[in-house]
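The following exchange examines how terms for helix packing and aromatic pairing are applied to a predicted model.

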Amino acid sequence: MNRARTLAPGLVLAALLATVATPVGSALPTVGVPVLALAAGAAAGMVLRRTRGAEAVVDPGLDLARQRLLGVAIVLLGLGLPVGSVLSVGRETAIVLIGTLLVGAVAAFVVGQMLAVDRESATLVAVGTTICGASAIAAATAVLRPDRQRVAYALGTIFVFNVAAVLIYPPLGRALGMSQEAFGLWAGTAINDTSSVLAAGVVFGAGAAHFAVIVKLVRSLAIVPLCLGLHLGRRRLAAETGAPEGSLRQAFPLFVVLFLAASVVAGLGILPPALTQPLGTVSGWLIAVVLAAIGTSLSVDRLRTAGARPLLLGGSLGLVLGLSSLALMYATGWW
């Protein structure tokens, strides 16, 4: 009972912020729920820091939200990724999808080294840009447990270029003479968050929006090898420094296994459609809760100390992804 009372204030605060951000972000897809939740958390954090004793009251619950709810949200996300549909679209677009992911990964390493961005920030910006924005950053955060400020900065970086992509991609797609499916593939492989992919697709056309979202969901499956790779990387680093390597279970976290299982369940059609959509909504809301909790630790002074390098990294990767996707589409006849 005492623990519940300790955790309640922070959990309630994060839940309230997410609940407010969800409908507003849904109405403004160019901005999106994740960014609004993060911004709401940052605003709440400013108030908390100016109120004596407030941070001590809410910190236990906020810490729990940051550390424990991510895995639950990611597992629920898997229920919206039916294995059959994913494999079908994946086969058609495999060269473009896999190619952009590989190019993005190499570019992230090279540009990150050139800009001397710290490892945590570079990893978060890279996975957010190349895979699926806030969801990928959330998954990486659950595995790496990086500094909260770096998570917030990475999310802010992703937001800036998501907005730019929504504004730039549709007119460019028309100028290039793209079909609905071609633009959907381009948007789904080069734009980060699902909300921004959908927004760009809607501006271009209904067919583009539908195909873009499917491609984006297929791209989201890269969360699985991402988490495994990050865990193995941590274990290798621990071995080099003399620390314990960790168990096999740690190298393949439980929430990744459950995410795959959820995708299989979605493909089998066990869950009725009336239940699948609400579960997807809950997943999005839980991610918003986590981002609101992370946002409370965000401050202008801390952002200033991070500098412009992560922002330059995000911009460079966004440009590389857009151009490499176009090149692969041209080479494979999609455009």
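Q: What makes helix 7 oblique to helix 15?
A: Helix 7 (residues 180-190) and helix 15 (residues 309-332) pack at an angle of about 140°, with their axes 9 Å apart. Angles over 145 degrees count as roughly antiparallel and those of 65 to 115 as roughly perpendicular. The angle of about 140° belongs to neither range, and therefore helix 7 is oblique to helix 15. The crossing of these two helices is right-handed.

Q: Which residues of helix 7 and helix 15 meet, and how do they divide into nonpolar, polar and charged?
A: From helix 7, A182, L185, W186, T189 and A190 meet L321, G322, S325, L326 and M329 of helix 15. Seven of the residues in this contact are nonpolar, three are polar and none is charged.

Q: How many aromatic pairs does a search of the whole structure find, and why is the pair of Y169 and W186 called stacked?
A: The search finds four aromatic pairs. The ring centres of Y169 and W186 are 4.1 Å apart and their planes lie at 20°. Planes under 30 degrees apart count as stacked, so this pair is stacked.

Q: Why does the pair of Y169 and W186 tie together parts that are apart in sequence?
A: Because Y169 lies in helix 6 (residues 148-175) and W186 in helix 7, the pair joins parts 17 residues apart in sequence.

Q: Are Y169 and W186 buried or exposed?
A: Both Y169 and W186 are buried.

Q: Which residues do ring pairs link into a cluster?
A: Y169, F183, W186 and F204 are linked into a cluster by ring pairs.

Definitions and conventions: Residues are numbered from 1 along each chain as its sequence is written. This is a predicted model: local features need pLDDT of at least 70, side-chain atom pairs count only at pLDDT 80 or more; totals for chains, interfaces and linings use all residues. Side-chain values use heavy atoms; hydrogens and water are left out. Axes are lines fitted to C-alpha atoms, for helices over the stretch in contact, and angles run from 0 to 180 degrees between N-to-C directions. Helices (H or I, at least four residues) and strands (E, at least two) are DSSP runs, numbered from the N terminus. Angles under 35 degrees count as roughly parallel, over 145 as roughly antiparallel, 65 to 115 as roughly perpendicular and the rest as oblique. A crossing is left-handed if the near helix is turned anticlockwise from the far one by less than a right angle, and right-handed if clockwise. Contact means heavy atoms within 4.5 Å. Ala, Val, Leu, Ile, Met, Phe, Trp, Tyr, Cys and Pro count as nonpolar, Asp, Glu, Lys and Arg as charged, and the others, Gly among them, as polar. Rings of Phe, Tyr and Trp (its six-membered ring) pair if their centres lie within 6.5 Å; planes under 30 degrees apart count as stacked, over 60 as edge-to-face and the rest as tilted. Buried means under 20% relative accessible area, exposed over 50%, partly exposed in between (1.4 Å probe, protein chains only).
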